[in-house]
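Biologist: I should like to learn how to read a model of this kind, one feature at a time. Please take the features in turn, giving the general idea and then the case at hand.

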Amino acid sequence: MIEETVISHAIIESYLKELNDVVESDVIIGGAGPSGLCAGYYLAREGFKTVLFERGLKPGGGMPGGGMMFNRIVVQDEGKEILDEFGIQYEKYKSGYYVAHSLEATACLVDKALKAGLKIFNLITIEDVIIHKDVVSGVVINWSSVEMAKLHIDPLSFRCKTVIDATGHPCEIAHIVERKSGGKLLTPDGKISGEHSMWAEIAEKLTLENTREVYPNLYVCGMAANAVFGGPRMGPIFGGMLLSGKKVAEIVKKKLSQ
Ligand code: 48H
């Protein structure tokens, strides 16, 4: 016999237990694209209580779409170790270029990150941050459907030791902090520098250099790092995104371990 209300209780209790448990955590990541998922995996694996809020229904960000809807991604030599770490299959295309199925890559990132202990909440948008004494101390969230319907409903606040902006091209969390801090980001002029036009070679290098703290306790990775510190875009090559996620995890791990 299957009882409908048991199904309802199971879902509600399981979800609320997990959500209630992460009201305070070590790290909150905004965005479940490749860089956010990668960062979440490496941090959760090290035992940090790590939470990821994703606005959309499905995780993956720009990865499942591959290049112009061709569901393939390219990864260069430097990123191959991460494909291996996540068990993502790939083919060598030419020396230094590997091609993988974008859906498999996304599925493997999500699977390994969840199994490492990353708590992923989809359909939730980070709409603000908590700032205490000029230090980011958490995020303010609401259902994405509330945002979409433009309903006037107050959000809830979640505390953490570190926030990572992995929201991709729009670098939404950094934008919020830029606006509300009156332009006090750790960029040359305190403001968001903005993404530059395509130059894959330089973009991949700069993505890693730009992966760093942008305001006390707020870090950027992935495309958000280039948008904040001013680097070009790179198209559907994903080594930089994955390595940036790993790099921000290493930086945050070091900081939290001090
Ligand atoms: C919660 C949010 C919010 C918010 C946005 O765009 P992404 O895939 O991000 P990255 O940086 O991991 O990867 C970038 C890559 O996909 C890409 O676009 C590349 C390589 N482009 C190169 C080029 O030349 O165009 O994922 C960001 C995620 C998305 O899923 C958003 O829905 C989510 O963040 N998001 N989640 N709260 N405020 N804003």
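**Backbone angles, burial and contacts**

Modeller: Let us begin with Cys171, which is found in the loop between β9 and α6 (172-181). Helices (H or I, at least four residues) and strands (E, at least two) are DSSP runs, numbered from the N terminus. The model is predicted, so local features need pLDDT of at least 70 and side-chain atom pairs pLDDT 80 or more, while totals for chains, interfaces and linings use all residues. Residues are numbered from 1 along each chain as its sequence is written, and side-chain values use heavy atoms, leaving out hydrogens and water.

Biologist: Which sign does phi take at Cys171?

Modeller: The general idea comes before the case. Most residues other than glycine have a negative phi. In Cys171, phi is near 35 degrees, a positive value in a residue other than glycine. Lys150 is also not a glycine and has a positive phi, of about 55 degrees. Its place is in the loop between α5 (144-148) and β9. Just after α6, Gly182 takes a positive phi of about 70 degrees.

Biologist: Are Cys171 and Lys150 buried or exposed?

Modeller: The terms rest on relative accessible area: buried is under 20%, exposed over 50%, and partly exposed in between (1.4 Å probe, protein chains only). Cys171 is buried because its relative accessible area is 2%. Lys150 counts as exposed because its relative accessibility is 74%.

Biologist: Cys171 precedes a helix in the loop that you described. Which residues are buried in α6?

Modeller: They are Ile173, Ala174, Ile176, Val177, Glu178 and Ser181. Glu172 is also found in helix α6, but Glu172 counts as partly exposed, because its relative accessibility is 23%.

Biologist: Which residues are in contact with Glu172, leaving aside its neighbours within four places in sequence?

Modeller: Contact means heavy atoms within 4.5 Å. With those neighbours left aside, Glu172 is in contact with Arg55, Asp165 and Thr167. One may also compare separation along the chain with separation in space. Glu172 and Gly30 are 142 residues apart along the chain, and their C-alpha atoms are separated by 8.8 Å. For Gly60 and Ser8, 52 residues apart along the chain, the separation of the C-alpha atoms is 28 Å.

Biologist: Where is Gly60 found, and what does it touch?

Modeller: Gly60 is found in the loop between β2 and β3 (72-76). Gly60 counts as buried because its relative accessibility is 2%. Neighbours within four places in sequence aside, its contacts are Ala32, Gly33, Pro34, Leu37 and Thr106.

Biologist: Let us turn to polar contacts. What does the side chain of Ser102 reach?

Modeller: A polar contact is a pair of N or O atoms within 3.5 Å; within protein, one must be able to donate a hydrogen and the other to accept it, and residues adjacent in sequence count only if both atoms are side-chain atoms. The side chain of Ser102 reaches the backbone oxygen of Pro64, at 2.7 Å. Ser102 lies in helix α4 (residues 102-116) and is buried because its relative accessible area is 0%. Beyond four places in sequence, the residues in contact with Ser102 include Met63, Gly65, Asn71 and Ile73.

Biologist: Which side chain makes a polar contact with that of Thr162?

Modeller: It is the side chain of Lys255, at 3.5 Å. Thr162 is found in strand β9 (residues 156-165) and counts as buried because its relative accessibility is 0%. Not counting residues up to four places away in sequence, Thr162 touches several residues, among them Asp26, Ile28, Tyr219 and Val252.

Biologist: How many residues surround the ligand?

Modeller: A residue is near a molecule or strand if one of its heavy atoms lies within 4 Å of it. Here 25 residues surround the ligand, and the closest are Ser35, Glu54, Gly62, Arg233 and Gly235. At least two residues of the shell come from each of α2 (34-45), β2 (50-54) and β7 (124-132). The largest share, three residues, is supplied by β7.

Biologist: Which atoms of the ligand lie by the polar side-chain atoms of Glu172 and Arg233?

Modeller: For Glu172, it is a nitrogen atom of the ligand, 2.9 Å away. For Arg233, it is an oxygen atom of the ligand, at 2.7 Å. In addition, an N or O atom in the side chain of His169 is 3.1 Å from an oxygen atom of the ligand.
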